[in-house]
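User: Could you take a close look at the salt bridges in this one for me? I'd like to know where they sit and what surrounds them.

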Amino acid sequence: LMLFNAVLPEVAIFGQKDAQQVAVLKKTVSDLFVPVNIVVAPIVREHDGLAMSSRNRYLSPEHRQIAPRIFATLQAAQKAVAGGERSAACIRKIITDLLEKTPEFRAQYVEIVDAGTMKPAETISPGSTLVAVAVYLGNTRLIDNIIV
């Protein structure tokens, strides 16, 4: 916020990949009446679906081949929601089961939350529920999310 006050931008653009940070900034900007419009840019992905990150360079060639499966789990969640699933517990299980099929993954979290408030969701509200995962692959922590 100090930077916003120093520069006085009209717009600040943040990536969807950092969804928690974006939610906190939006709330803070609103609460403190900071005159800046926070815009959320879509996640930029590699050709195979892996979310772009500086951390990707730490992946071994073998782990780099496995890493796109993280996004595949989120796509499975999206497909289930598109098919009518509304239970956050069911979506979490779909993702967890898929992650467990790759023994190299060590899931840190699978969270299903309201995209605006980051509060846990029990029921999926299409278009406003965020499904977020953090997975260790070797020593590298990878995060990804999708709004379902």
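Analyst: Quick definition to start: a salt bridge here is a side-chain nitrogen of Lys or Arg within 4 Å of a carboxyl oxygen of Asp or Glu. Keep in mind that this is a predicted model. By that cut-off, the structure holds four salt bridges, and I'll walk you through some of them, including the pair formed by Asp 31 and Lys 27.

In that pair, the closest N and O atoms of Asp 31 and Lys 27 are 3.0 Å apart. Both residues belong to helix 2, which covers residues 19-31, and because they are four residues apart there, about one helical turn separates them. How open is each partner to the outside? Asp 31 has a relative accessible area of 41%, so it is partly exposed, while Lys 27 reaches 51% and counts as exposed. The line between those two classes is drawn at 50%, with exposed meaning over that value.

Next comes a bridge between Arg 64 and Asp 48, whose side chains meet at 2.8 Å, N to O. Arg 64 is part of helix 3 (residues 61-66), whereas Asp 48 is in the loop between strand 2 (37-41) and helix 3, so this salt bridge ties together parts that are 16 residues apart in sequence. As for Asp 48, its relative accessibility is 31%, which makes it partly exposed.

Then there's Lys 93 with Asp 97, where the closest N and O atoms are 2.8 Å apart. These two lie four residues apart in helix 5 (residues 88-100), so they are separated by about one helical turn. Asp 97 comes out as partly exposed, at 32% relative accessibility.

Helix 5 is also a good way into the neighbouring sheet. The helix lies across strand 3 and strand 4, and runs at about 160° to strand 3. Which strands make up the sheet, and in what order? Three strands form an open sheet in the order 3-4-5, with antiparallel pairing. Strand 3 (105-114) and strand 5 (140-147) are the edge strands, each pairing on one side only. On average, neighbouring strands of this sheet are turned by 15° against each other, direction ignored.

Looking at the strands that helix 5 lies across, strand 3 pairs with strand 4 (residues 129-137) in the antiparallel sense over nine bridges. If you want a spot to find by eye, try Arg 106: its bridge partner in strand 4 is Tyr 136.

Conventions
Residues numbered from 1 in each chain as written. Predicted model: local features only at pLDDT ≥ 70, side-chain atom pairs only at ≥ 80, totals over all residues. Heavy atoms only, no water. Buried < 20%, exposed > 50% of the residue type's maximum accessible area, 1.4 Å probe, protein only. Pairing = 2+ DSSP bridges. Axes fitted to C-alpha atoms, helices over the stretch in contact; angles between N-to-C directions. Contact = heavy atoms within 4.5 Å.
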